[in-house]
Amino acid sequence: MFVLMWLPVLLVSCIRDELPPCPPLSLHVGVADYNYSNAGSFADEPIKPEQAPLSTYVKSLAWRIVDVQTGRVVAEQHVLPASDTACQATINLPADLPFGKYAVTVWGGLENETELPAILPLDEAGDPYLVSDTVQYDAWHYDHTLLLKRVKSKLHIEVENLPPQYHAAALSITETGECVMRNSSRFAGTEVDTHTILPPSVARNATRVSIGIYDENGRLVPQLAPTDVVTTLYRNTITGLRYVYDTEKKGYDIYVRINDEWEAAHTLDIE
């Protein structure tokens, strides 16, 4: 009777001793936005292949992993080059990491930052990617895939049919009254074609686009300035504006790119 009572306990103990250790938490980082969502609508926009090496989309990676319960940083990696061969990066956590929930933030395309940013600096140059998620780590959930998404938008501007004496253009972008970007450039011929990476609009119709065209004398006041256009810039989307100068009207016809066509901007807020 004594032997029969202890036999189940011995059997359970043997089974437990034979269980393999739980796998460590493993995170795989890939890319969701291979191209801008409407890249195919612009003939001069390069189309990147899908599932190419990670460096095709982002030149660098950085990450921080935090224990949700304690707030402790359990792993951190400052900027390092993205792989030229693998389409994903793998983050292996220590084998003694306890079960729990972990907040994971991965940045793609950061410059040589000495500190990882609490808030991504959208006013800086570049085309950053980001993924931020919370993952569960336990005996059944130890392998997760996270996909980086593009943070910014792109503004594509074409100005056509300009008189030949005009050789300089200035572009100004404001967001709810605050200047986001201002630059100027010289051009040859009668056309201007620019592509600018910008933060998405903070709200619908919150972005104002102003263009100035200057003659060869470089006057301070633009001579052929079209009316401002108020529009919305969306994440991972190209906003296309086309200005065609009409010499008879001495003004511009303005178009917006919708799908694969340039359509007259009657519905845009033009001021």
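Colleague: Not counting residues up to four places away in sequence, which residues does Thr239 touch?

Modeller: This is a predicted model, and in it Thr239 touches Lys154, Leu155, His156, Thr231, Thr232 and Leu233 once residues up to four places away in sequence are left out. Thr239 itself lies in strand S14, which covers residues 238-246.

Colleague: Is Thr239 buried or exposed?

Modeller: Buried means under 20% relative accessible area, and because Thr239 has a relative accessible area of 8%, Thr239 is buried.

Colleague: Which residue does the side chain of Glu160 join in a polar contact?

Modeller: The side chains of Glu160 and Arg242 are joined by a polar contact of 3.0 Å. Glu160 is found in strand S8, residues 153-160, and counts as buried, because its relative accessibility is 18%. Beyond residues up to four places away in sequence, Glu160 touches several residues, including Thr190, Glu191 and Tyr243.

Colleague: What is the sign of phi in Asn161?

Modeller: Phi of Asn161 is positive, near 65 degrees, in a residue other than glycine. Asn161 is found in the loop between S8 and strand S9, and at 42% relative accessibility it counts as partly exposed. Asn205, also not a glycine, has a positive phi of about 55 degrees; its place is in the loop between strand S11 and strand S12, and at 39% relative accessibility Asn205 counts as partly exposed.

Colleague: What pLDDT does the protein chain average?

Modeller: The protein chain averages a pLDDT of 86, with 84% of the residues scoring at least 70. Over residues 1-16, however, the pLDDT is below 50, and this stretch has 0 contacts in the model beyond near neighbours in sequence.

Note on methods. Residues are numbered from 1 along each chain as its sequence is written. This is a predicted model: local features need pLDDT of at least 70, side-chain atom pairs count only at pLDDT 80 or more; totals for chains, interfaces and linings use all residues. Side-chain values use heavy atoms; hydrogens and water are left out. pLDDT is the predictor's confidence in each residue, from 0 to 100. Contact means heavy atoms within 4.5 Å. Helices (H or I, at least four residues) and strands (E, at least two) are DSSP runs, numbered from the N terminus. Buried means under 20% relative accessible area, exposed over 50%, partly exposed in between (1.4 Å probe, protein chains only). A polar contact is a pair of N or O atoms within 3.5 Å; within protein, one must be able to donate a hydrogen and the other to accept it, and residues adjacent in sequence count only if both atoms are side-chain atoms.
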